[in-house]
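Here's an informal walk through one model, from its sheet to its ligand shell and a few backbone oddities. Have the viewer open as you read.

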Amino acid sequence: MTRQPPAPHASPLSAQGDRHFDGLADKFAASLYGGPRGELRLALLDRLLPEMLALHGQPVLDVGGGLGQLAGWFAERDHAVTLAEPSGEMLARARESLAGHEVSVLQTPLQELPEVAPGPWSLIACHAVLEWLADPRSALATLASLLTPGGQLSLMVFNRDALRLSNVVKGNLEKALADRLEGKGLRKRLTPISPLTHGQIEAWSAENGLAIREVAGIRVFADYLREPPQSDADRERLLALEQRYCRVDPHWRLGRYLLYTLERPTRPPEEATA
Ligand SMILES: C[S@@+](CC[C@H](N)C(=O)[O-])C[C@H]1O[C@@H](n2cnc3c(N)ncnc32)[C@H](O)[C@@H]1O
């Protein structure tokens, strides 16, 4: 009897090499939003988004919207929200958590948005998505192309420099020295495949004619603590510290995530300076 060769292991990466979150939704929901790190992220965004964005109930496109927390936040503030997300598993959970909210849902990757939802949009949010893509640079160009002149992009990315520091703090010295920081997107790992630096965001924004209007660090202290806070009073203190220093140099630069407001100017730069 001839033996069948073993079935090839299906890659969790999309044809474009991106890590869609099918197979990861449970772990992501439990390990991030089910715990204090997710709580802190949401509390910081709740304070920062109204400070960093000019919000007036404009429609918003939430790209890679995941479980729908951000879409819900905007919907509660009377924005008409369109959530785009390629993972059916994440979308099913988003639909559940957004029941009762006015949110349109599109099952589509960022790369197809120019055909599926060209806008142009005056407000786009793309949080914690670029680091899961094989080509985050062209993804930023695509997002820029969807913005109306004067439109704002709320962009949050996983910070490569913070990942280096947290590896050193944890004693992963060999990995840090070899600069082997990124994940491979395989199995159920939540280490992003394309962690990004502030320098990359500066360069790619300039390439696409986007101005950096605001920047903040999300979790500038929390991920480096030797012990997580044990009491409610200490959790409050940590939140107060995060809020106080998240936009202060040098602290924002080592936030686990970098949060930007990028704006497409109303006139091209050469006209604006003429
Ligand atoms: C870390 S989660 C972030 C979810 C949500 N934006 C948040 O902040 O909680 C990354 C999300 O990006 C999605 N994603 C991966 N590749 C994508 C692509 N090419 N286009 C749009 N979203 C993508 C994943 O499926 C996943 O839901």
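A quick yardstick before we start: a residue is called buried if 20 or more other C-beta atoms lie within 10 Å of its own, and exposed if 12 or fewer do. Keep in mind too that this is a predicted model.

**The sheet and its helices**

Let's begin with the framework. There are 7 strands in an open sheet, ordered β3-β2-β1-β4-β5-β7-β6, and the pairing is mixed. At the edges sit β3 (103-106) and β6, each of which pairs on one side only. From one strand to the next, the twist averages 15 degrees.

Zoom in on the β3 end: β2 and β3 run parallel to each other and share 4 bridges, with L83 standing opposite V105 in β3. Helix α3 (residues 69-76) packs on the sheet here, touching β1 (60-63), β2, β3 and β4. The direction of α3 makes about 175 degrees with that of β2. As for α2, that helix lies across β5 (147-158), β6 and β7, and runs at about 155 degrees to β6.

**Around the ligand**

Which residues come closest to the ligand? They are F21, G64, G66, P109 and L110, out of 22 residues that surround the ligand. By class, this shell holds 11 nonpolar, 8 polar and 3 charged residues.

The UniProt record, an unreviewed entry, puts its "binding site" feature at R41, G64, G65, E85 and H127. G64 therefore turns up both in that annotation and among the closest residues to the ligand.Two of the annotated positions deserve a closer look. R41 is in helix α2 (residues 36-52). Is R41 buried or exposed? R41 is buried, because 23 other C-beta atoms lie within 10 Å. Leaving out residues up to four places away in sequence, R41 touches I218 and R219.

E85 sits in the loop between β2 (81-84) and α4 (88-97). With 27 other C-beta atoms within 10 Å, E85 is buried as well. Again leaving out residues up to four places away in sequence, E85 has contacts with G64, G65, G66, M90, L91, A94 and Q107.

**Backbone oddities**

Most residues other than glycine have a negative phi, and most peptide bonds are trans. That makes the following spots worth a click.

| Feature | Where | Value |
|---|---|---|
| cis peptide bond | G119 to P120 | omega near 5 degrees |
| cis peptide bond | D249 to P250 | omega near 5 degrees |
| positive phi | D179 | about 60 degrees |
| positive phi | R219 | about 65 degrees |

Where do these fall along the chain? P120 is in the loop between α5 (113-116) and β4 (121-127), and P250 lies in the loop between α10 (232-245) and β7 (257-263). D179 belongs to the loop between α8 (173-177) and α9 (198-207), while R219 is in the loop between β6 (211-218) and α10.

Why does D179 count as exposed? Because D179 has 10 C-beta neighbours inside 10 Å, and the cut-off for exposed is 12 or fewer. R219, by contrast, has 20 C-beta neighbours inside 10 Å, so R219 counts as buried. R219 is also one of the residues that R41 touches.

Definitions and conventions
Residues numbered from 1 in each chain as written. Predicted model: local features only at pLDDT ≥ 70, side-chain atom pairs only at ≥ 80, totals over all residues. Near = placed C-beta within 6 Å. Nonpolar A, V, L, I, M, F, W, Y, C, P; charged D, E, K, R; others polar. UniProt positions renumbered as here; feature names shortened; annotations may be inferred. Helix = DSSP H or I, 4+ residues; strand = E, 2+ residues; numbered from the N terminus. Contact = placed C-beta atoms within 7 Å. Pairing = 2+ DSSP bridges. Axes fitted to C-alpha atoms, helices over the stretch in contact; angles between N-to-C directions.
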